[in-house]
Amino acid sequence: LLEDFVALTHEALLAAAGKSARAYLVGRTFTETELEGLSLGFYAGVDAVSVAMKAKGYTAEELDASGILADGRWTGRVVFPFRGPRGRIETVVARDLTGTAEAGAKYLKLKGGTQESAVFGLDVAMESARREGLLIVEGFLDVILLQARGYLNVAATGGNFGLLTAERWSTLGRLGLPALTLATDNDPKPDGTWVGREKLLQALGNLRNVDNVRNVYVLPPEALGAAKDPDDLVRDKGVAALRTVLLGKVRPWALYLGENLLGDLTPASQDRAKREAVGRVLDFSSDLRGEVAALDAEDLLRLTAEKTGYTFETLHE
């Protein structure tokens, strides 16, 4: 049923009903040819979907149970399947195109659906991710565009990185990938706050007590330059530009979090400030888990020695 529903919405996207949705996607640099081959669709309305699906032989009871008729807010949205690593549809996502959706409703999913995967895009990403590791970004459409342009090993949380709870980290760890790299949006607000960076730090804090994740790296948001996210960089300069940034700018997650804990300290800073910072780093390093925890801890201590002037040997002791 869900496969037939996704196919139906794809037909609607390419038909007259989907003209405004196609215009939005083309504005994000999707080409008409790409749209024909991608699993993107358009939700024309509850009544239209109900009639079309009944014409395919589904009963009213089956349609009600599926959840595809349960939310009128889906009307006018772009829809796409959220598939697991083996390609099975876990849920369907409906994305707002107007920018006027209420807080938390930019993305809607099937009511009653069960999303087992921690991130979106694994059905395409897994083969290359097993060799190269997985890049994790925020937006679902970002993943669809990047994969369409040939950068396959990418997935999305579908929101800020605060969604990466300890449970989701553990789910990612069970994939057995060699590395995970987080690339948050580069979007500081006019008042100086940086929500994406704050949520990134929250996600890294959630990782501290998870013991089945190997190597985690962070692409500092400012490394994207004028681009507001990896998708924006690829649209402007191509996939090669993203690969170059990732090759030269990523940081091990523990070091990135340690730099935040140490702030602007130097060996000339006040003794109290240095000792308090050392305490924060040591508390953090004592929570590290997993097979590379010893490497992360050593990196942290070397950074702390550089920032405070205390010797590595003293900090280690």
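**Note on two cavities and a sheet**

1. The largest cavity is lined by L207, R208, V210, V213, R214, V216, W253, R289, G290, V292 and D296. The model is a predicted one. The volume of this largest cavity is about 70 Å³. Sorted by class, its lining comprises 6 nonpolar, 1 polar and 4 charged residues; the polar one is G290.

2. How many cavities of 30 Å³ or more does the structure hold? There are 2. The second largest encloses about 50 Å³ of space, and its lining is made up of L172, G173, L177, A179, L180, N212, V213, R214 and N215. Two or more of these residues come from each of the elements α8 (166-173) and β7 (179-182).

3. The lining of the second largest cavity has 5 nonpolar, 3 polar and 1 charged residues. V213 and R214 deserve a look in the viewer: they appear in the lining of the largest cavity and also in that of the second largest.

4. Strand β7 also belongs to an open sheet of 5 strands, ordered β6-β5-β7-β8-β9, in which the pairing is mixed. Which strands form the edges? They are β6 (154-156) and β9 (251-252), each of which pairs on one side only. As background, strands of a sheet pair through backbone hydrogen bonds, and the pairing is either parallel or antiparallel.

5. At the β6 edge, strand β5 (residues 134-137) runs parallel to β6 and is joined to it by 3 bridges. Within this pair, L135 is opposite V154 of β6. Helix α7 (residues 140-148) lies across both β5 and β6, and its direction makes an angle of about 165° with β6.

Terms used:
Residues are numbered from 1 along each chain as its sequence is written. This is a predicted model: local features need pLDDT of at least 70, side-chain atom pairs count only at pLDDT 80 or more; totals for chains, interfaces and linings use all residues. Side-chain values use heavy atoms; hydrogens and water are left out. On a 1 Å grid over the protein atoms alone, a cavity is a set of points where a 1.4 Å probe fits but cannot get out, and a pocket is an open set with protein on both sides within 12 Å along at least five of seven lines; lining residues have an atom within 4 Å of a point. Grid points are joined across faces, edges and corners, and a volume is the space filled by probe spheres set on the points. Helices (H or I, at least four residues) and strands (E, at least two) are DSSP runs, numbered from the N terminus. Two strands pair if DSSP finds at least two bridges between them. Contact means heavy atoms within 4.5 Å. Axes are lines fitted to C-alpha atoms, for helices over the stretch in contact, and angles run from 0 to 180 degrees between N-to-C directions.
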